[in-house]
Amino acid sequence: MSARTTRHVYTIKDAAALTGLPASTLRYYESVGVIAPVSRGEISKHRVYDEDDLGQLLAIACLAATGMSVNDMKEYVANGQLGPTAASAQIALLTERRQQLALEAQQVALRQRYVDLKIDYWRAIDAGDEPRAALLAAEASALADELHHTKKR
């Protein structure tokens with residue numbers, strides 16, 4: 001008795017559900033070359049995704065979730081096809097993305113701190129503590145300036 005493996009295929013709707021990428025994004029990524037052209041059904045001519053396609057789409061979804069640009073994703077995929085010779089290019093691309101994410105994390109932390117200050121400010125107002133409210137308002141104003149400057153970087 002021989003073991004027969006069944007090849008699983010997925011529609012674009014299935015692929016979208018499994019990857020979290022909308023069908024329109026999957027079509028777009030294919031049209032601009034982020035992903036290779038997808039096979040088509042012999043009769044329907046609709047896109048047919050296999051397990052390998054889904055693996056690639058999941059990797060692309062992860063890159064997209066980091067905020068990586070379409071051009072950088074295209075470069076990353078192209079470099080990946082080159083194998084070890086593109087390792088330094090991949091490292092540079094991902095290092096740049098990591099630095100951008102670190103800056104974004106810093107901005108989120110500052111915005112959280114601003115919200116915390118405003119909560120404390122309104123608690124001071126509610127408690128009738130005008131001196132504390134004034135200090136918190138000044139601190140929030142300084143933080144707002146800092147937030148404005150970090151956005152320009």
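In this predicted model, helix 2 meets helix 4 through Tyr-28, Tyr-29 and Val-32 on one side and Val-70, Met-73 and Lys-74 on the other. By class, this contact is made up of five nonpolar residues, no polar residue and one charged residue. Helix 2 spans residues 23–32, and its axis comes within 11 Å of the axis of helix 4, with a crossing angle of roughly 65°. The handedness of this crossing is right-handed.

Two of the helix 2 residues in this contact, Tyr-28 and Tyr-29, also face one another as an aromatic pair. Their ring centres lie 6.2 Å apart with the planes at 45°, and the pair is therefore classed as tilted, since that angle falls between the 30 degrees below which planes count as stacked and the 60 degrees above which they count as edge-to-face. The two tyrosines differ in their exposure to solvent: Tyr-28 is partly exposed, at 42% relative accessibility, whereas Tyr-29 is buried, at 7%.

A search of the whole structure returns two aromatic pairs, and the other one joins Tyr-121 to Trp-122. Here the arrangement is edge-to-face, with 5.0 Å from centre to centre and 85° between the planes. Tyr-121 is buried, having a relative accessible area of 18%, while Trp-122 reaches 53% and counts as exposed. The cut-offs help in reading these values, because buried means under 20% and exposed means over 50%.

Helix 4 (residues 70–82) has a further partner in helix 3 (residues 51–65). The axes of these two helices come within 10 Å and cross at roughly 140°. Helix 3 and helix 4 are therefore oblique to each other; the angle does not pass the 145 degrees over which a pair would count as roughly antiparallel. This crossing, too, is right-handed. From helix 3, the residues involved are Gln-56, Ile-60, Leu-63 and Ala-64, and from helix 4 they are Met-73, Tyr-76 and Val-77. Six of the residues in this contact are nonpolar and one is polar, with no charged residue among them. Met-73 of helix 4 thus takes part in the contact with helix 3 and also in the contact with helix 2.

The loop between helix 2 and helix 3 is the place of Ala-36. With a relative accessible area of 41%, Ala-36 is partly exposed. Setting aside neighbours within four places in sequence, Ala-36 is in contact with Glu-30 and Gln-56; Gln-56 is also one of the helix 3 residues that meet helix 4. Between the C-alpha atoms of Ala-36 and Ala-78 there are 10 Å in space, although 42 residues separate the two in sequence.

Attention now turns to helix 5. Leu-117 is found in this helix, which covers residues 87–127. Leu-117 is buried, with a relative accessible area of 0%. Not counting residues up to four places away in sequence, Leu-117 touches Leu-136, Glu-139, Ala-140 and Leu-143. The C-alpha atoms of Leu-117 and Ala-134 are separated by 11 Å, the two residues being 17 apart along the chain.

Notes
Residues are numbered from 1 along each chain as its sequence is written. This is a predicted model: local features need pLDDT of at least 70, side-chain atom pairs count only at pLDDT 80 or more; totals for chains, interfaces and linings use all residues. Side-chain values use heavy atoms; hydrogens and water are left out. Axes are lines fitted to C-alpha atoms, for helices over the stretch in contact, and angles run from 0 to 180 degrees between N-to-C directions. Helices (H or I, at least four residues) and strands (E, at least two) are DSSP runs, numbered from the N terminus. Angles under 35 degrees count as roughly parallel, over 145 as roughly antiparallel, 65 to 115 as roughly perpendicular and the rest as oblique. A crossing is left-handed if the near helix is turned anticlockwise from the far one by less than a right angle, and right-handed if clockwise. Contact means heavy atoms within 4.5 Å. Ala, Val, Leu, Ile, Met, Phe, Trp, Tyr, Cys and Pro count as nonpolar, Asp, Glu, Lys and Arg as charged, and the others, Gly among them, as polar. Rings of Phe, Tyr and Trp (its six-membered ring) pair if their centres lie within 6.5 Å; planes under 30 degrees apart count as stacked, over 60 as edge-to-face and the rest as tilted. Buried means under 20% relative accessible area, exposed over 50%, partly exposed in between (1.4 Å probe, protein chains only).
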